[in-house]
Amino acid sequence: MSETGASYAAAGVDIEAGDRAVELMKEWVRKTRRPEVLGGLGGFAGLFDASALKRYERPLLASATDGVGTKVDLARQMGVYDTIGHDLVGMVVDDLVVCGAEPLFMTDYICVGKVHPERVAAIVKGIAEGCVLAGCALVGGETAEHPGLLGPDDFDVAGAGTGVVEADRLLGADRIRTGDAVIAMASSGLHSNGYSLVRHVVFDRAGWALDREIPDFGRTLGEELLEPTKIYSLDCLALTRTTEVHAFSHVTGGGLAANLARVVPDGLHAVVDRSTWTPGAVFDLVGTAGQVERLELEKTLNMGVGMIAVVPQESVDVALTTLADRGVDAWVAGEITERGEHTTGAALVGDYAS
């Protein structure tokens, strides 16, 4: 029997590797800095100067938290760690902007089986890049090493964000009216939802490898599946500055209809016409390879729409122009109607354009 006493290192936790990871990520965190951020990385808490909120008459703080789900396993398999952070930021900040809130800052949590400093720094790099795209600061985070619970190459990420909106500019169901237009904004692909179904289809049912070339994608299967989530927060905020917006809906888990229904008030109904767009090839591939019924696809995946804006008809032209100027593919996909006896909050009608 060894006479050597137990130690943290012997238990599998490498404190020095953690310190090295912090040093590597500092430069990326600095790129997200906003004027309201105080101090630097390494404190016990991130500081944000709330006096900046004095310009608001009645500031409402909005908070959201999320993760990336089983998409992290694809990043692990491919050895690509600097894009998954975009997914994390998108999942958080685009929930904040739904109510009209400007994302102010985020914190992250990275859990690993073993700290590989360069790998952790790459994950944080992606989070920082996402924060820049969202206009928010990354004010802190935590990297936890869990040997024995996670394999040496396993990891997971989560994050939380805070935003602010003026009380009288709060968006939501109470603003929506009959005749409002439903504007769809294109997704960049699968985003970060439904990957348990996707992985089951491509690995278990189809038996495909991530390096398989898919002609319809013009790249490998893995590259398509790892495409980062589009971040819409600054685009949505631009809409609120240029025209009247009644509500947003972030299309995540549950699909387009279910998420849109969350912002439709009692008595009204959102009708979305499938014929106004063609979902990307990845959605057809999942449906065909897995023999997944359309209803199952639509309640699991975003089907090519990542964000919805509900605006009055007179705002449609300005909204579409604003989004086009910002490089966002958007179109009128439906409208708000009176709810019939057998209708629900939102429904998809027609067939997808071919």
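The legends below walk through close-up views of a predicted model, covering two sheets and the helices that pack around them.

**View 1. Six strands line up in an open sheet.** Welcome to the six-stranded sheet, whose strands follow the order 10-12-7-13-11-14 and whose pairing is mixed. At the edges you will find strand 10 (247–250) and strand 14 (346–349); each has a single partner strand, so one side of each is left without a neighbour in the sheet. From one strand to the next, the twist averages 25°.

**View 2. Strand 11 runs parallel to strand 14.** Here we zoom in on strand 11 (residues 268–273) beside strand 14, with 4 bridges joining the two. To get your bearings, look for Asp273, which stands opposite Val349 in strand 14. As background, strands of a sheet pair through backbone hydrogen bonds, either parallel or antiparallel.

**View 3. Helix 7 lies across three strands, strand 7, strand 10 and strand 12.** Follow helix 7 (residues 233–242) over strand 7 (181–186), strand 10 and strand 12 (305–311). Relative to strand 10, helix 7 runs at about 170°.

**View 4. Helix 5 crosses helix 9 in a left-handed sense.** What angle do the axes of helix 5 and helix 9 make where they cross? The axes of helix 5 (residues 195–205) and helix 9 (residues 281–290) cross at roughly 50° and come within 9 Å. The two helices are therefore oblique to each other. On the helix 5 side, look for Val198, Val201, Val202 and Arg205, which meet Leu285, Val286, Ala289 and Gly290 of helix 9. Sorted by class, this contact has 6 nonpolar, 1 polar and 1 charged residues.

**View 5. Four strands form a second open sheet, with mixed pairing.** In this sheet the strand order is 3-6-4-5. Strand 3 (59–67) and strand 5 are the edge strands, each pairing on one side only. Neighbouring strands are turned by 15° against each other on average, direction ignored.

**View 6. Strand 4 and strand 5 pair in the parallel sense.** Now we move in on strand 4 (residues 102–112) and strand 5 (residues 137–145), which share 8 bridges. Two residue pairs make handy landmarks. Val112 sits opposite Glu145 in strand 5, and Asp108 has Gly141 of strand 5 as its bridge partner. How does the chain get from strand 4 to strand 5, and what is the hand of the crossover? The chain passes through helix 4 (residues 117–134), giving a right-handed β-α-β crossover.

**View 7. Helix 3 packs against helix 4 at an angle of about 40°.** Helix 3 (residues 84–96) and helix 4 have their axes 6 Å apart. An angle of about 40° falls outside the roughly parallel class, which is reserved for angles under 35 degrees; helix 3 and helix 4 are therefore oblique to each other. Their crossing is right-handed. Helix 3 brings Ile84, Gly85, His86, Leu88, Val89 and Val93 to the contact, while helix 4 brings Ile123, Gly126, Ile127, Glu129, Gly130, Cys131, Leu133 and Ala134. By class, the residues of this contact divide into 9 nonpolar, 4 polar and 1 charged.

How values were computed: Residues numbered from 1 in each chain as written. Predicted model: local features only at pLDDT ≥ 70, side-chain atom pairs only at ≥ 80, totals over all residues. Heavy atoms only, no water. Pairing = 2+ DSSP bridges. Axes fitted to C-alpha atoms, helices over the stretch in contact; angles between N-to-C directions. Contact = heavy atoms within 4.5 Å. Parallel < 35°, antiparallel > 145°, perpendicular 65-115°, else oblique. Left-handed = near helix turned anticlockwise from the far one by under 90°. Nonpolar A, V, L, I, M, F, W, Y, C, P; charged D, E, K, R; others polar. Right-handed = clockwise from strand over helix to strand, strands pointing away.
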